[in-house]
Amino acid sequence: MLVGSGGWNSMASLLAVADCTGDGYNDLAAITGPGASTTTCPSGDGCLFVYPGTGTNKLGPASRKADDWWGLTAAF
């Protein structure tokens, strides 16, 4: 499965985040990297997207959650 028009290469970081959508399926979070500007992430880098798990070993369409994640210095 490709994520975005540039595939996984447009993402700077990926994180399996358990169930952040509340539907009972594990999800994937991704932060865009430099040069990944799109209509859904006009700032280019630092946009947080969540790809919801579907329970069928696939991911649903991404939704943008924020665009200011580069200030984080650690994962919790």
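Here is a friendly conversation about the predicted model shown above.

Visitor: How many helices and strands does the protein chain have?
Guide: Welcome! This is a predicted model in which local features need pLDDT of at least 70, side-chain atom pairs count only at pLDDT 80 or more, and totals for chains, interfaces and linings use all residues. Residues are numbered from 1 along each chain as its sequence is written, and side-chain values use heavy atoms, with hydrogens and water left out. Helices (H or I, at least four residues) and strands (E, at least two) are DSSP runs, numbered from the N terminus. Along the sequence the pattern is β-β-β-β, and the count is zero helices and four strands.

Visitor: In which strand is confidence highest?
Guide: Confidence here is pLDDT, the predictor's score for each residue from 0 to 100. The protein chain averages 75, and 64% of the residues score at least 70. Confidence is lowest in strand E4 (residues 63-66), at a mean of 79. The highest mean, 86, belongs to strand E3 (residues 48-51).

Visitor: Which residues form the largest nonpolar core?
Guide: A residue is buried under 20% relative accessible area, exposed over 50%, and partly exposed in between (1.4 Å probe, protein chains only). A nonpolar core is a set of buried Ala, Val, Leu, Ile, Met, Phe, Trp, Tyr and Cys residues joined through side-chain atoms within 4.5 Å. The largest has seven residues: Met 11, Leu 28, Ala 30, Cys 41, Cys 47, Phe 49 and Tyr 51.

Visitor: What share of the 76 residues of the protein chain counts as buried?
Guide: Some of them sit in the nonpolar core, to which strands E2 (28-32) and E3 each supply at least two residues. Over the 76 residues of the protein chain, the buried share is 30%.

Visitor: Which side chain of opposite charge is nearest to Asp 27?
Guide: Asp 27 lies in the loop between strand E1 (11-16) and E2. Lys and Arg count as positive and Asp and Glu as negative, while His and the chain ends are not counted. Asp 27 is buried yet has no salt bridge (a side-chain nitrogen of Lys or Arg within 4 Å of a carboxyl oxygen of Asp or Glu). The nearest opposite charge, 8.6 Å away, is on Lys 65.

Visitor: Which backbone nitrogen does the side chain of Asp 27 reach at 2.8 Å?
Guide: One backbone nitrogen, that of Thr 21, lies 3.0 Å from a polar atom of the Asp 27 side chain. At 2.8 Å, the side chain of Asp 27 reaches the backbone nitrogen of Gly 53.

Visitor: Is Lys 65 buried or exposed?
Guide: Lys 65 is in strand E4. Leaving out residues up to four places away in sequence, Lys 65 touches Leu 48 and Val 50 (contact means heavy atoms within 4.5 Å). Because its relative accessible area is 52%, Lys 65 is exposed.

Visitor: How far apart in space are Ser 13 and Ala 30, C-alpha to C-alpha?
Guide: Ser 13 is found in strand E1, and at 34% relative accessibility it counts as partly exposed. Not counting neighbours within four places in sequence, Ser 13 contacts Ala 29, Ala 30 and Ile 31. Although Ser 13 and Ala 30 are 17 residues apart in sequence, their C-alpha to C-alpha distance is 5.6 Å.

Visitor: What is phi of Asn 57 near?
Guide: Most residues other than glycine have a negative phi. Asn 57 is in the loop between E3 and E4, and is exposed at 84% relative accessibility. Its phi is positive, near 65 degrees.

Definitions and conventions. A polar contact is a pair of N or O atoms within 3.5 Å; within protein, one must be able to donate a hydrogen and the other to accept it, and residues adjacent in sequence count only if both atoms are side-chain atoms.
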